[in-house]
Amino acid sequence: MTGHLRQFQLGDTETIEEVLTALTSRFPIATELEKTFRHLFFDSFDWRLYQAGMQLDEVSGRDLHHLVLRNLADDSPYETARLEGEVARFARDYPPGLLRERITEPLQMRTLLPIVEVRSRVVCLKLLDREEKTVLRLQLEENRAKPHGRAEYLPMTHLLRLLPVRGYDKYLDQVSRFLSDKVGLLPQSQPLIALSLASIGRQPMDYSSKLDFILHPEMSTDAVARVIFTTLLDTIEQNLPGTRGDLDSEFLHDLRVAVRRTRSALTQIKGVFSEAITNEYKERFAWIGQITGPTRDLDVYLLGFDEYRKSLPEQFQADLEPLHDFLVSHQKSEQQALVRKINSPHFHTLLKSWRTFLNSPSEPGSEGDHAQKPISKVARKRIYRTFRLVLEEGLAIHPHSQPEELHELRKSCKKLRYLLEFFQSLYPKEEIRPLIKTLKSLLDNLGDYQDLEVQADKLREFAHQMVEEGEVPADTLLAMGMLVDGLLKRQQEARVAFADRFACFADPAPVESYNKLFGPGKKSPKSAGAKS
Amino acid sequence: MRIIGVYNIKGGVGKTAAAVNLAYLSAEAGYRTLVWDLDPQGAASYYFRIKPRVKGGGRKMIKGKRDLDELIKGSDFDNLDLLPADFSYRNMDLMLGETKGPVKQLLKLMRPLSMEYDRIFLDCPPSISLVSENIFRAADALMVPTIPTTLSLRTYEQLVEFLDGHKVMDVKRMPFFSMLDRRKKMHLEMLEDLPKAYPEMLKTPIPYASDVERMGFHRAPLGSFAPRSPAGLAYAELWKELEAGLAA
């Protein structure tokens, strides 16, 4: 049965006794043995299962060790698997089956991490009908929770959960009504994972790499810049442990994106900090970009390897295996080098001094000309100017333009995208979202055009490197040649598709939107009808 | 989804006990299992303490006007549900006869359940009729409890003739010895001879046991109250043979 969760919240132990007495005096109820379970909830660092409406629960008890994928809304299990050893961390490590099918799409390349552990002492009750048939199950749960890996359990809500038996819904309604009307229990609609997180002081979705600043038009540019930079710095720091441990490729990716956004914001939000400060940190963050690049490049090849393999005719697919080995071993050594660098005092000092700077009040003289201007004004001007630049550069591109011109356009588009994302809360959602979407689609195209060529070049480089490093089968080099050919073909397709993508961006409707939202003469963006 | 018919032309051969006990073992092994009590006497429903009654009557259901899905009842055991019997099933032959594809109607009704269940056990009424033909055509395997006597042998021969005569080829025949009494000479002789004539005979015999009769007192499958009893162990072995046969 699906629908919402039928559970009630209990107070302290005294109420458990009271509820038991109330129930048994009113209904024919049998008590079963008391059991103890441990639930360990898993999700990716960025809550991909939760976002997909699922929870993955490792349940252990006496003679029982299961992995249960449940519906978040009503706790009903989608799939249950018996566990022999530990919970597999990547979707690809699961045996083929429905559980794997369900988690593969949301999880993609992300690893599962243990998030919160719950210990439940459960008293199982059953409501019997005249035939002494079980028509409803009730579970009184005394729960405690702790962050995974900690020793101490913290108190959490005790629950009375009603588990309907198929075909006997009327008893569920009867008992529900009795519990809320006569016993006065409060319904609790949150699933166990959310309740346990609350008790350890966390909440679901407390990490996201997406930008979601809530800004007000009157805020000073200085204040807004500090909010943006601090959030990005938080993201960098949150991803450090996962990057160090190479838990999955996306920790490093999110870290790099946050660094790139920081650098872009330093350039884009002009005149907030003094020029000396701006230039200093631009340079220092560029260093992080450099030291993390080689590992990310190899991650990208490894992530795309299956696609590479599938792009070749079947009889040549196995020839790529030595390339895979090459990528894996180089990724490992680059990763080690990366860890040494992010553990260095240099790296540590950079983040620390940046945070100190962001936390310290701005002193007169240390700030730029725009620091005290309202963000609405500065954002509008910056976005509009960058938009005009993108439009100008894009319109100048013709079928025979040099690749460099498209690369320049890509850079400008990226700047515009970051600006729109930083400041989106200043504008009506329904107006700014379509603009970001169209821009993203254009950026994807420009990204393909540039990246496919870079990948092709890099593969040739790898081929040379493999030859230098030792014996490499001729078949492998030939297969890599086929890959290069495929990449370049796709790159040309991307070039052909550019005109259409840009036309969508430069269409009168979006241009009108840009003019309306950011064009000269617009004083306060919220006055354009934004919902607060 | 695999459909297992438990059937014999003759009554009183341990059919319902086999259906209920095998279904219990299947559910315990983690298969989402349904028992469909097709016998108007409703013995399987009784064992599960579920009223032998279908909401709205059997006719609507057989004609496909009510989804089976809505009529299913949960048993007291995980993964194990029951579609109860109904007294109107005594006229099921007539009801089936009124449908468009009378010999495949039950299969048609069960198809939508394939996402929900891994195993469906059909507890079938005795005698050869349109109901049994439906079962032959729906089932992947036909479990035939056979008491080791000459009379039972004759009814199994009749069944084989019927299946061959009606070109029912897709169902795996799985006769097995039921209610074996090792004190009886004839039982022991049949135990020896029958597999020679019918190599499809499963190896595990179910002994005649008071534990099986106690199912009526406990109103529960044997596995839930006496799993280690001789009959309990025999059903567990038989279930393994059934699964191996389905996998082959």
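In chain A, the centres of domain 2 and domain 3, taken over C-alpha atoms, sit 22 Å apart. Everything here comes from a predicted model, so read the numbers with that in mind.

The contact between these two domains draws on nine residues from domain 2 of chain A and nine residues from domain 3 of chain A. On the domain 2 side, the elements giving two or more residues are helix 6 (221–238) and helix 8 (249–268) of chain A. Helix 8 of chain A gives the most to that side, with four residues. By class, the domain 2 side that touches domain 3 of chain A splits into four nonpolar, three polar and two charged residues.

Here is how chain A is cut into domains; note that domain 2 is listed as two segments.

| Domain of chain A | Residues |
|---|---|
| Domain 1 | 7–199 |
| Domain 2 | 221–308 + 333–369 |
| Domain 3 | 374–523 |

Stepping back to chain A as a whole, its secondary structure comes to 18 helices and ten strands. Its C-alpha atoms fill a box of roughly 85 × 65 × 50 Å along the principal axes. Of its 532 residues, 30% count as buried. As for how the chain folds back on itself, take contacts in chain A between residues at least 6 apart in sequence: 70% of them join residues at least 24 apart.

One residue to click on is L517(A), in helix 18 (residues 508–518) of chain A. Is L517(A) buried or exposed? L517(A) counts as buried because 22 other C-beta atoms lie within 10 Å, and the cut-off for buried is 20 or more. L517(A) also gives an example of a long-range pair: its C-alpha atom is 8.6 Å from that of I432(A), although the two residues are 85 residues apart along the chain.

Now for the nonpolar cores. In soluble globular proteins, nonpolar side chains tend to be buried together. In this model, the largest nonpolar core has 72 residues, and L22(B) and L122(B) touch the most other members. Helix 1 (residues 15–28) of chain B gives the most to this core, with nine residues. Which residues does L22(B) contact, leaving aside its neighbours within four places in sequence? They are F121(B), Y235(B), L238(B), W239(B) and L242(B). A second, separate core has 58 residues, including C413(A), L416(A), F422(A) and Y449(A).

Chain B also carries an open sheet of seven strands, in the order 3-4-2-5-1-6-7 and with mixed pairing. Strand 3 (73–74) and strand 7 (172–177) of chain B are the edge strands, each pairing on one side only. Strand 7 of chain B runs parallel to strand 6 (residues 141–146) of chain B, and six bridges join the two. Within that pairing, T146(B) stands opposite F177(B) of strand 7.

On the annotation side, an unreviewed UniProt entry gives "domain: AAA" for residues 1–164 of chain B. Over residues 1–164, chain B is 37% helix and 16% strand in the model, and the end C-alpha atoms are 25 Å apart.

Finally, the contact between the chains. Eight residues of chain B are in contact with nine residues of chain A. The chain B side of that contact has two nonpolar, two polar and four charged residues.

How values were computed
Residues numbered from 1 in each chain as written. Chains lettered and ligands numbered in written order. Predicted model: local features only at pLDDT ≥ 70, side-chain atom pairs only at ≥ 80, totals over all residues. Contact = placed C-beta atoms within 7 Å. Nonpolar A, V, L, I, M, F, W, Y, C, P; charged D, E, K, R; others polar. Domains from an automatic or database assignment. Buried ≥ 20, exposed ≤ 12 C-beta atoms within 10 Å, placed from the backbone. UniProt positions renumbered as here; feature names shortened; annotations may be inferred. Core = buried A, V, L, I, M, F, W, Y, C linked by C-beta atoms within 7 Å. Pairing = 2+ DSSP bridges.
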